[in-house]
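Keep the structure open beside this text. The walk goes from strands to pockets and ends at a single residue.

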Amino acid sequence: MAKSSKNGTKPALLEVRNLYVSVAENEILAGLDLTVHEGEVHAIMGPNGSGKSTLANVIAGKPGYKVTAGEVLFEGRNVLAMTPDLRARAGIFLALQYPIELPGIRNREFLRTAVDAIRESRGEEKLAIREFNKLLEAKAKTLGFDADMLKRNVNEGFSGGEKKRNEVLQLAVLDPKLAVLDETDSGLDIDALKVVSDGVNAFRAPDKAIVLVTHYQRILNYITPDFVHVLIGGRIVRSGGRELALELESRGYDWLREETVGASAE
């Protein structure tokens, strides 16, 4: 189990214990263990079909996945018993690999409704319209987000890069405790990658954590992880630091597949 922490006695924000998950009777995760402490950034890497997106989606509660064994604990609470909206209110944020469009729902209204729901769950009063607009526009400006895009429907007609930047804007405004980013770098050019990475880095804080799912190490040139985990066959087979991502870049995944098969045969 990946329990080591660079933060000493900081509490575990996320604990995934012996997790088994199936989709349409096909086992995708097979006994996965992962512990993420406050203040940490964990990068999850692995070949196609290894279960990276499945892990992200199960943490956030996306429908369509059957958990057959194991636990997912967030601040000590079993989130598997919670609906996706309750997980979001508790402080779990998922950036989708393929952000969806929401026709008829404007960005500004979508974010205001979400902020109101989160504040209500904390026992806080709703923000006044002027106060919310000030917050939203400040965050948008920091990300270089065109103010006119706030008037558009959520992701409707957005380019791939604009959708990813929009998700980072959502991250900044909603301010969760745990950000699960599923291939946020997918389809981004260098300029967009830099903007998105700057937004993620601005989110980093001692009392928050990030789980970053990615195929490639290029985003790790901008977002430095504390830990890199390699997922193969539905479980973590190797963990390390930034240097592990560089090794994967040069060697690929076959050598780890061979080690995993060899270990299973013993």
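Two strands count as paired if DSSP finds at least two bridges between them. By that rule, E6 and E9 are a pair: four bridges join them, and the sense is parallel. Bear in mind throughout that this is a predicted model.

Stay with strand E9, residues 178-182. Alanine 95 has leucine 181 as its bridge partner in E9. Strand E10 (residues 209-213) also pairs with E9. Here five bridges are found, and the two strands run parallel. Leucine 181 appears again, this time opposite leucine 212 in E10.

How many residues of E9 are buried? Five of its five residues are, so the strand is mostly covered, with buried taken as under 20% relative accessible area. In a regular strand the side chains alternate between the two faces of the sheet. In E9, one side carries Leu178, Val180 and Asp182. The other side carries Ala179 and Leu181. These residues are all buried, and both faces of the strand are covered.

Now turn to another sheet. Four strands form an open sheet in the order E2-E1-E4-E5. The pairing is antiparallel. Strand E2 (26-37) and strand E5 (77-78) are the edge strands, and each pairs on one side only. Look at the E5 edge. Strand E4 (residues 66-74) meets E5 over two bridges, in the antiparallel sense. Phenylalanine 74 has arginine 77 as its bridge partner in E5.

A helix lies across this part of the model. Helix H1 (residues 52-60) crosses strand E1 (12-23), E2 and E4. Its direction makes an angle of about 115° with E1.

Next come the pockets. The largest holds about 810 Å³ of space. It is lined by 28 residues, and the closest to its centre are Ala88, Leu94, Phe110, Gln170 and Leu174. Which elements each supply at least two residues of this lining? They are helix H2 (84-90), strand E6 (92-95), helix H3 (107-121) and helix H5 (160-174). E6 is the strand that pairs with E9 over four bridges. By class, the lining of the largest pocket has 18 nonpolar, four polar and six charged residues.

The second largest pocket has a volume of about 250 Å³. Its lining consists of 14 residues. Lys139, Ala172, Gly199, Ala202 and Phe203 lie nearest its centre. Helix H4 (129-142), H5 and helix H6 (190-203) each supply at least two residues of this lining. H5 also supplies at least two residues of the lining of the largest pocket. Which helix gives the most to the second largest pocket? H6 does, with five residues. The lining of this pocket divides into eight nonpolar, two polar and four charged residues.

Finish with one residue, valine 237. This valine lies in strand E12 (residues 235-240). Is valine 237 buried, partly exposed or exposed? The relative accessible area of valine 237 is 26%. Buried means under 20% and exposed means over 50%, so valine 237 counts as partly exposed. Leaving aside residues up to four places away in sequence, valine 237 touches Val230, Ile232 and Thr260. For a sense of distance, pick out lysine 141 as well. The C-alpha atoms of valine 237 and lysine 141 are separated by 41 Å, and the two residues are 96 residues apart along the chain.

Notes
Residues numbered from 1 in each chain as written. Predicted model: local features only at pLDDT ≥ 70, side-chain atom pairs only at ≥ 80, totals over all residues. Heavy atoms only, no water. 1 Å grid on protein atoms, 1.4 Å probe; cavity = no way out; pocket = protein on both sides within 12 Å on 5 of 7 lines; lining within 4 Å. Points joined across faces, edges and corners; volume = space filled by probe spheres on them. Nonpolar A, V, L, I, M, F, W, Y, C, P; charged D, E, K, R; others polar. Contact = heavy atoms within 4.5 Å. Axes fitted to C-alpha atoms, helices over the stretch in contact; angles between N-to-C directions. Buried < 20%, exposed > 50% of the residue type's maximum accessible area, 1.4 Å probe, protein only.
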